[in-house]
Amino acid sequence: TIKPVTELIVVNKVIAPDGFARSATLAGGIFPGPLIKAQKNDNFSINVVNRLHDKNMPLSTSVHWHGIQQKKTNWADGASFVTQCPIPQNRSFLYEFSAPNQTGTFWYHSHFSTQYCDGLRGPLVIYDPEDPHRDLYDIDDENTIITLSDWYHDPSPKLNKIFGPVTSNSTLINGLGRYRGGPKSPLSVINVVQGKRYRFRILGLSCDPSYNFTIDGHTMTIIEADGIETVPETVDSLPVLAGQRYSVVVFANQPVDNYWVRAPSNFPNQTFAGGLNQAILRYNGAPDEDPTSTPGPYILPFNEGKLASLLSIPVPGFPEIGKADVHINLLAATVNGIFRINNISFHNPPTPVLLQMLSGARHPSDLMPSGSVYELPSNKVVEITFPNTGLALGGPHPIHLHGHNFAVVRTSGNSTTNFVNPIWRDTVSMGSTGDNVTIRFVTDNSGPWFIHCHIDFHLDHGFAVVMAEARDQLADVNASIPASWASLCPSNEPSSQS
Ligand code: C2O
């Protein structure tokens, strides 16, 4: 078996991934952070060590394992103020969890303030020796992981004071890119051998923008979305919103040459021109030169409206969601750059929601932050609708639910519903004005779970609620909580030392 990374040391370090040097907050001192890889049903045991010192950025941290369901281990979900107190400077915290039967492409990122915009984000892959799509590709290794991320020249606490659109300086593909007016910094190269079929894992590690991913001269066959295998669907462009992941099969069946990989974003200054938003697909034997390839013709574009046609491959464990027991509407709106859901803006509570629940806060209305916590009974089918009335500015908003995959029973651009064989994933676009994107999931996972917009500035500006789920099963969660967990909270700090 592949041994998972066992330590993530979080440091401040000056890096220049696009040619501009800035102090960043990094896992393992690199961007993106080191690949955490595992095989199906491996156990994870990851010690996060906080060695931060740059006072221009947050000095505390916590790490969320995006897409990992954390069954019975809500305390290890890494969401500051929801499932834990942040890890203070010079302290560490051991995250221990398993991911029964989960396979595919995931990621990890800071879940403290807007810290992941400063760099704390990286890929996590759970390989499946019995992948149902194994016959569709020849190669699936670390070289075929493609991360897309935005990069900023200012520390995030400064950007976060802007209550309106923020624009990144550059787009990094596998940690390399260029900014407008900057030097001809190196671009990342994805190497392929002619005649081989590759599983490319494309990860949206974005803080804000969404990308449209294409490879000149090549189509892509989608086989996975957010850790769930899909019925293969061939496309020539792929929208990747913050938090979303796809696996696609790319057949290196073109003449030996260099081809542009393009990931323009929805930020107006982030286009392909001038060397921005590009990487190079290089066939073995092609010269070490920039491509001269042209895009398109894009006759098989994929968009969120087409999500309805992308089907998950049902696996044992996909629950029945044909009839909903609980219906919740979450209406998002913006007031002066501050987000509200059902009229309430999310603020961090003084005590993590899980700790409040364990300490006996009995009634949902007792739970802080008040008005932002929804109580969900156990073993019910919950339906959540996100009516897009055009009031939540600055989209498309990628909605992410912790602790679950959910069925997208109504996608963006769709007025019809699919309760029979919908796509299951963990991050979905709220679409555009007039859409009523709707998800369903089963409350089989006890604990408080964040549901929020994955544009990190929007989360920090209140676009979030918490689902306090299945409190009658909290004893299961409590049983695995280590003593170190409560000691992260200031009032429980050990008196002698840490
Ligand atoms: Cu990937 Cu709450 O986040």
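This short talk walks through one protein chain, from its overall build to a few individual residues.

Good morning, everyone. Before anything else, please keep in mind that what we have in front of us is a predicted model.

Let me begin with the chain as a whole. The protein chain has five helices and 31 strands. Its radius of gyration is 22 Å, close to the 23 Å that the globule rule gives for 498 residues, and therefore we can call the chain as compact as a globular protein of that length. If you follow the C-alpha trace along its principal axes, it spans about 65 × 50 × 50 Å.

How much of the chain is buried? Buried residues make up 59% of the 498 residues. As for the surface, the chain exposes about 18,300 Å², and carbon and sulfur atoms supply 52% of that area. There are 33 positive and 43 negative charges, and the mean positions of these two sets are 3 Å apart.

It is also worth asking which parts of the sequence meet in the fold. Taking contacts between residues at least 6 apart in sequence, 76% of them join residues at least 24 apart.

That brings me to the disulfides, of which the structure holds two. One of them is formed by C85 and C489, with their sulfur atoms 2.0 Å apart. This pair links distant parts of the chain, since C85 sits in the loop between β5 and β6, while C489 sits in the segment after α5 (483-486), and the two are 404 residues apart. The link of C85 and C489 is right-handed, with 100 degrees about the S-S bond, and both C85 and C489 are buried.

The other disulfide joins C117 and C207, whose sulfur atoms are 2.2 Å apart. Is this disulfide left-handed or right-handed? The torsion about the S-S bond of C117 and C207 is about -110 degrees, so this disulfide is left-handed. C117 lies in the loop between β7 (104-110) and β8 (121-127), and C207 lies in the loop between β12 (197-204) and β13 (211-215), which means that the pair ties together parts that are 90 residues apart in sequence. C117 has a relative accessible area of 1% and is therefore buried, and C207, at 0% relative accessibility, counts as buried too. If we number the bonded cysteines in sequence order, the pairing reads 1-4, 2-3.

Now, why does C453 not bond with the closest cysteine sulfur? That closest sulfur belongs to C207, and because it is 11 Å from the sulfur of C453, the two are too far apart for a bond. C453 itself counts as buried, because its relative accessibility is 0%.

Staying with the loop that holds C85, let us look at S80, which is placed in the loop between β5 (63-66) and β6 (92-98). With a relative accessibility of 4%, S80 counts as buried. Once we leave aside its neighbours within four places in sequence, S80 is in contact with S62, P86, H111 and F112.

For contrast, turn to Q194, in the loop between β11 (189-192) and β12, which is partly exposed with a relative accessible area of 44%. Again leaving aside neighbours within four places in sequence, its contacts are A252, Q254, P255, V256 and Y283. Between Q194 and G394, which are 200 residues apart in sequence, the C-alpha to C-alpha distance is 42 Å.

I will finish with some backbone details. A cis peptide bond joins G296 and P297, with omega at about 5 degrees, and P297 belongs to the loop between β19 (278-283) and β20 (326-329). Another cis peptide bond joins M368 and P369, with omega at about 0 degrees, and here P369 is found in the loop between α2 (353-358) and β23 (373-376).

Finally, consider two asparagines. N41 has a positive phi of about 70 degrees, although it is not a glycine; it lies in the loop between β3 (36-39) and β4 (43-51) and is partly exposed, with a relative accessible area of 44%. N336 has a positive phi as well, near 50 degrees, and its place is in the loop between β21 (332-335) and β22 (338-341). Is N336 buried or exposed? Its relative accessible area is 70%, so N336 is exposed.

Thank you for listening.

Notes
Residues are numbered from 1 along each chain as its sequence is written. This is a predicted model: local features need pLDDT of at least 70, side-chain atom pairs count only at pLDDT 80 or more; totals for chains, interfaces and linings use all residues. Side-chain values use heavy atoms; hydrogens and water are left out. Helices (H or I, at least four residues) and strands (E, at least two) are DSSP runs, numbered from the N terminus. The radius of gyration is taken over C-alpha atoms; the globule rule is 2.2 Å times the number of residues to the power 0.38. Buried means under 20% relative accessible area, exposed over 50%, partly exposed in between (1.4 Å probe, protein chains only). Contact means heavy atoms within 4.5 Å. Accessible areas come from the Shrake-Rupley method with a 1.4 Å probe; for residues, only the protein chains shown count as cover. Lys and Arg count as positive and Asp and Glu as negative; His and the chain ends are not counted. The place of a charge is taken as NZ of Lys, CZ of Arg, CG of Asp or CD of Glu. A disulfide is a pair of cysteine sulfur atoms within 2.5 Å.
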